[in-house]
Amino acid sequence: MNVQFIDLKTQYEEVRDILDPAIAEILSTGAYVLGKWNKQLEDEIAARHGVKHAICVNSGTDALRIMMQAADIGPGDEVITTAFTFVATVETIAQLGAVPVFVDIDRETMCIDPSKIEAAITPKTKAIMPVHLFGQLVDVKAIQAIAEKHNLLVLEDSAQVIDGHHEGVYTGNWGIAAGISFYVTKNLGAAGDGGMILTNDPEIDRRSRSIRIHGMGRERYYYDELGYTSRLAEIQAAVLACKLTKLDEWNAVRLDVANYYLEAMANADLILPRTYPGNNNVWHQFTIQTTQRDELMNHLKENGIASAIFYPVPIHMHEPYAHYGNGKGSLPITEIVSEQCLSLPVHQHMTMEQAEFVAKTICAFVGEKQGSHA
Ligand SMILES: Cc1ncc(COP(=O)(O)O)c(C=O)c1O
């Protein structure tokens, strides 16, 4: 049996009947940028998340960069975040001249550990950028409490967590702004790059819309601040709006697969991902930890099962970011998780037979937890 990591062709087949005419219309009318599909996508996602403003941009990376600029993050400001993330989180902080400050993660959720944040706060700290990793929100209430106590902004890296919420309050409402990614492999993926900023703040909305077109202000060819070219193409917005009609159904399959994995591997000798109470988890990734990570990955490959390592080297151990951190050994949980993490197939077109095959193959390889009586 073959188990792929993602199935983009089937995603397309499922929306083809509405998507093909939409793209043909865009091409024939010439309405290529910032048109009706952008507006529809912004309105629908704002409504799903219960936020006042949603702004389409060209990538998740741009969403982070633009929303931070709109929140006045700039040179010398310290932004507390995690090193167990995709590089864009830290890259965008650094590109604005701000200083990323790394805090270690919780072993089982793999998200920033709130109990370690206060020790990292200095008079220069301006914001916390939690990364809602692998499909679930961080411990949002704990982080919000720290931010309130120290008068810090919360800027959510929500790249991996469209539709994620805690007790019904969606991402985009826990911080002053949130950035979503629509990269191809995300739960809602474009046919290329795409992203979105969510916010309830009218000034962040206004400035983000301006920054995405070179800082152009209320009048054409008059500029208020430095900006970027970061429009979302109408074709991408149409792909996303069409796929959005399937997102609930697709996330339900991911949840079934993840729940099956949790049950089937409960006694296996590995660390399973933990979801914080009150969070939904949209299971962008299902990431286990094992001391035999590389051997297991090879074994899965030999059995036709795809898997992936997110992330093999934490950000503070990459040369361009090393000077922001305190080097190897400074974030012990982050470093051990990077050595042991393995993400398994969890996508909307998997069958339960495939999930069963994956879980059985893993259980047979790693064996039972010591002391397990099941
Ligand atoms: C945690 C995180 N932040 C930011 C990004 C950047 O998004 P994009 O690839 O759309 O620029 C990603 C995308 O992979 C991500 O996973």
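**Exercise 1. Determine how Asp62 and Arg65 are placed relative to each other in the predicted model, and classify the burial of each.**

Solution.
Step 1. In this predicted model, Asp62 and Arg65 stand 3 residues apart in helix H3 (residues 60–70), so about one helical turn separates them.
Step 2. The side chains of Asp62 and Arg65 form a salt bridge, with an N to O distance of 2.6 Å. This distance satisfies the cut-off, which asks for a side-chain nitrogen of Lys or Arg within 4 Å of a carboxyl oxygen of Asp or Glu.
Step 3. Residues under 20% relative accessible area are classed as buried. Asp62 has a relative accessible area of 9% and is therefore buried. Arg65, at 13%, is likewise counted as buried.

**Exercise 2. Identify the salt-bridge partners of Arg207 and locate each partner in the chain.**

Solution.
Step 1. One partner is Asp72, whose side chain meets that of Arg207 at 3.0 Å, N to O. Arg207 belongs to helix H6 (residues 202–211), whereas Asp72 sits in the loop between H3 and strand E2 (78–81); the pair therefore ties together parts 135 residues apart in sequence.
Step 2. Arg207 has 14% relative accessibility and counts as buried. Asp72, with a relative accessible area of 45%, is partly exposed.
Step 3. Arg207 also forms a salt bridge with Glu225, at 2.9 Å, N to O. Glu225 lies in the loop between H6 and helix H7 (234–244), and the pair links distant parts of the chain, 18 residues apart.

**Exercise 3. State how many salt bridges the structure holds, and name the residues linked in a network.**

Solution.
Step 1. The total for the structure is 23 salt bridges.
Step 2. A network of salt bridges links Glu42, Asp205, Arg209 and Arg212.

**Exercise 4. Characterise the largest pocket by volume, lining and domain contributions.**

Solution.
Step 1. The largest pocket encloses about 540 Å³ of space.
Step 2. Its lining comprises 29 residues; nearest the centre are Gln160, Tyr183, Thr185, Lys186 and His284.
Step 3. Sorted by class, the lining of the largest pocket consists of 13 nonpolar, 12 polar and 4 charged residues.
Step 4. H3 and helix H4 (88–95) each contribute at least two lining residues. H3 provides the largest share, 3 residues.
Step 5. Domain 1 (8–103 + 110–244) and domain 2 (247–366) each supply at least three residues to the lining of the largest pocket.

**Exercise 5. Count the cavities of 30 Å³ or more, then describe the largest and the second largest.**

Solution.
Step 1. There are 3 cavities of 30 Å³ or more in the structure.
Step 2. The largest cavity holds about 70 Å³ of space. It is lined by 13 residues, with Leu133, Phe134, Gln136, Pro273 and Asn281 the closest to its centre.
Step 3. The lining of the largest cavity divides into 5 nonpolar, 6 polar and 2 charged residues. At least three of its residues come from each of domain 1 (8–103 + 110–244) and domain 2 (247–366).
Step 4. The second largest cavity holds about 50 Å³ of space. Its lining consists of Ala159, Gln160, Val161, Ile162, Ser181, Phe182, Lys186, Asn187, Leu188 and Val282.
Step 5. By class, the lining of the second largest cavity has 6 nonpolar, 3 polar and 1 charged residues.

Methods
Residues numbered from 1 in each chain as written. Predicted model: local features only at pLDDT ≥ 70, side-chain atom pairs only at ≥ 80, totals over all residues. Heavy atoms only, no water. 1 Å grid on protein atoms, 1.4 Å probe; cavity = no way out; pocket = protein on both sides within 12 Å on 5 of 7 lines; lining within 4 Å. Points joined across faces, edges and corners; volume = space filled by probe spheres on them. Nonpolar A, V, L, I, M, F, W, Y, C, P; charged D, E, K, R; others polar. Domains from an automatic or database assignment. Helix = DSSP H or I, 4+ residues; strand = E, 2+ residues; numbered from the N terminus. Buried < 20%, exposed > 50% of the residue type's maximum accessible area, 1.4 Å probe, protein only.
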